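Biologist: I should like to request a close look at a single part of this protein. Please set that part in the context of the whole chain.

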Amino acid sequence: MARFDGFAKNYEELVTESVQISGESSEYFAAYKAAYAARVLSGKGIKKVLDYGCGVGALAKHLLAAFPAARIDGYDPSAESIGCVEDSLRKQGQFTASLEETHNDYDLVILSNVLHHIPPQERGAVLAKTVSKLAAGGFLLIFEHNPFNPLTRWAVSQCPFDDDAILLRSGEARRRVRLAGLQLARSQFIVFFPRLLAALRPLEPSLGWLPCGAQYAVIGVKPAA
């Protein structure tokens, strides 16, 4: 994952170029995910969040706005990416390239488009480490690309740092959540309409069952001790 060192300086620009077919920027998708997390986990007492695979902090800064009462931490093995994280995030939380420096009592851990960069045979071990960072009753939220969406596959093919991507189906994500010892709390498809059809976006929360969203979200909860 330290291979992202070479993309840190222009990460967001590269993502924007790869998703240009949607009519949106990388900023839109980061804001979308933060808003989604805040909506589906409203009232769950989220006070401490770990953005696992945080990169340059693109999602973390939106999480800070979406969860104003929470502390947002970030971990990424790319030291160059961590070096690009904004000072406003560093002032309220910890951003590190060492997983050992993170805590073990997070109410929410998010993996946003991380697992497709991890070889399938290593995904179980990564999720075990991730789950160890959760407090009892804490939530793991996985965002991933939907391999059944042709536009998603095209966007992945255009992204220079996705050349190692092995996309996983939502069924695999659900299975791995259960194998990691979590209870499955939610699984749904997200991101349906490009900017051209933005007027239809209020319908998206009701379309989670439809397997043509550009991405999907899976949530597991760690059983209370």
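Which residues form a nonpolar patch on the surface, and what is their accessible area together?

Modeller: The model is a predicted one, and the account below should be read accordingly. The nonpolar patch on the surface is formed by L196, L197, L200 and L203, which together have about 400 Å² of accessible area. One of these residues, L197, belongs to the loop between β6 (183-190) and β7. The relative accessible area of L197 is 38%; L197 therefore counts as partly exposed, as the value falls between the limits of 20% and 50%. For the protein as a whole, the exposed surface is about 10200 Å², of which carbon and sulfur atoms supply 55%.

The loop that holds L197 also contains buried positions. V191 is placed in the loop between β6 and β7, and its relative accessibility of 9% makes it buried. The backbone at V191 has a phi near 60 degrees, a positive value in a residue other than glycine. G208 lies in this loop between β6 and β7 as well, and at 9% relative accessibility G208 is likewise counted as buried. Its C-alpha is 6.2 Å from that of I190, although 18 residues separate G208 and I190 in sequence. Beyond neighbours within four places in sequence, G208 has contacts with Q188, F189 and F192.

The wider setting is a protein of 8 helices and 7 strands. Of its 225 residues, 52% count as buried. Where contacts join residues at least 6 apart in sequence, 70% of them link residues at least 24 apart.

Two nonpolar cores may be described next. The largest has 32 residues, and L63, F95, L108 and L141 are those with the most contacts inside it. At least two residues of this core come from each of α2 (26-40), α3 (60-66), β4 (106-112), β5 (134-145) and β7 (215-221). The largest share, 7 residues, is supplied by α2. A second, separate core of 26 residues includes V126, V131, L168 and F193. Returning to the largest core, F95 is in contact with C54, A60, I72, D73, G74, I82, V85, L89 and R90, once its neighbours within four places in sequence are left aside.

A polar residue, D76, shares some of these partners. D76 is located in the loop between β2 (71-75) and α4 (79-82) and is buried, with a relative accessible area of 6%. Not counting residues up to four places away in sequence, D76 touches G53, C54, G55, I82, T96 and A97. Its side chain reaches the backbone nitrogen of C54 at 3.5 Å. A polar atom of the same side chain, that of D76, also lies 2.9 Å from the backbone nitrogen of S78.

One further loop position completes the account. N113 sits in the loop between β4 and α6 (120-131), where its phi is near 55 degrees, a positive value in a residue other than glycine. N113 has a relative accessible area of 16%; N113 is therefore classed as buried, since the limit is 20%.

How values were computed
Residues numbered from 1 in each chain as written. Predicted model: local features only at pLDDT ≥ 70, side-chain atom pairs only at ≥ 80, totals over all residues. Heavy atoms only, no water. Core = buried A, V, L, I, M, F, W, Y, C linked by side-chain atoms within 4.5 Å. Buried < 20%, exposed > 50% of the residue type's maximum accessible area, 1.4 Å probe, protein only. Helix = DSSP H or I, 4+ residues; strand = E, 2+ residues; numbered from the N terminus. Contact = heavy atoms within 4.5 Å. Areas by Shrake-Rupley, 256 points an atom, 1.4 Å probe, with all protein chains shown as cover. Polar contact = N/O pair within 3.5 Å; in protein donor to acceptor, adjacent residues only side chain to side chain. Patch = residues over 30% accessible without salt bridge, like charges linked within 9 Å, V, L, I, M, F, W, Y side chains within 5 Å. Salt bridge = Lys/Arg side-chain N within 4 Å of Asp/Glu carboxyl O.
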